[in-house]
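Trainee: I have a new model open and would love to talk it through with you. Could we go over it step by step?
Mentor: Happy to, let's bring it up.

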Amino acid sequence: MVKTNGINQKVREDFIIPSADICENDNEFILKAEMPGVSKDQLDITLDEDHLEIIGKVDADWEKDLKVIDREFRISDYYRRFYVGNKVNRDEISAKIEDGVLTLRLPKSNEIKPRKIEITSE
């Protein structure tokens, strides 16, 4: 099972903890995280021992030549860390970012996948 680790704690003041949903089916865990403003090149996902770490950088250069009159839109980088344990097949994890939503597919290891037990008769 994938669990959040430190959801209410910021790593640094300038990081935003993205909202995330975690679902599962028989074969995989699916994690979706909101990361508007992050592109594929600005995303770093690492799996170190039992922790999955996601860092997304947001490029705020669009306003560098402008004078800000009022600011309601918060521009910050994203950070989130999850505990995955040994229930995930680490060699087959995949990631995709589209329209500001990161989707991670974490296939379950064979040890925890449901399996049908064959019954024999004597």
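Trainee: What is the order of the strands in the open sheet of four strands?
Mentor: Keep in mind that this is a predicted model. The pairing in this sheet is antiparallel, and its edge strands, strand 3 (20–24) and strand 8, each pair on one side only. Neighbouring strands here are turned by 15 degrees against each other on average, direction ignored. Read across the sheet, the order is 3-4-9-8.

Trainee: How many bridges join strand 4 to strand 9?
Mentor: Strand 4 covers residues 28–34, and strand 9 covers residues 101–107. The two run antiparallel, and the number of bridges joining them is seven.

Trainee: Which residue in strand 9 is the bridge partner of L31?
Mentor: Strands of a sheet pair through backbone hydrogen bonds, either parallel or antiparallel. For strands 4 and 9 the direction is antiparallel. In strand 9, the partner of L31 is L104.

Trainee: Is E28 buried or exposed?
Mentor: E28 belongs to strand 4. The cut-off for buried is under 20% relative accessible area. Because E28 has a relative accessible area of 16%, this residue counts as buried.

Trainee: With which side chain does the side chain of E28 make a polar contact?
Mentor: Start with the contacts of E28, leaving aside its neighbours within four places in sequence: C23, R105, L106, P107 and K108. For the polar contact, the side chains come to 2.6 Å, and the partner of E28 is R105.

Trainee: Is D91 buried or exposed?
Mentor: D91 sits in the loop between strand 7 (77–83) and strand 8 (94–98). The cut-off for exposed is over 50%. Since its relative accessibility is 75%, D91 is exposed.

Trainee: What distance separates the C-alpha atoms of D91 and P107?
Mentor: P107 is also among the contacts of E28. Along the chain, D91 and P107 are 16 residues apart. Between their C-alpha atoms, the separation is 8.9 Å.

Trainee: How many strands does the protein have?
Mentor: Along the sequence the pattern reads β-β-β-β-β-β-β-β-β. There are zero helices, and the strand count is nine.

Trainee: Of the contacts between residues at least 6 apart in sequence, what percentage join residues at least 24 apart?
Mentor: The bridge between L31 and L104 gives one pairing to look at. For the protein as a whole, contacts between residues at least 6 apart are the reference set. Within that set, the share joining residues at least 24 apart is 58%.

Trainee: And what percentage of the residues are buried?
Mentor: E28 is one of the buried residues. The protein has 122 residues, and the buried share is 27%.

Conventions:
Residues are numbered from 1 along each chain as its sequence is written. This is a predicted model: local features need pLDDT of at least 70, side-chain atom pairs count only at pLDDT 80 or more; totals for chains, interfaces and linings use all residues. Side-chain values use heavy atoms; hydrogens and water are left out. Buried means under 20% relative accessible area, exposed over 50%, partly exposed in between (1.4 Å probe, protein chains only). A polar contact is a pair of N or O atoms within 3.5 Å; within protein, one must be able to donate a hydrogen and the other to accept it, and residues adjacent in sequence count only if both atoms are side-chain atoms. Contact means heavy atoms within 4.5 Å. Two strands pair if DSSP finds at least two bridges between them. Axes are lines fitted to C-alpha atoms, for helices over the stretch in contact, and angles run from 0 to 180 degrees between N-to-C directions.
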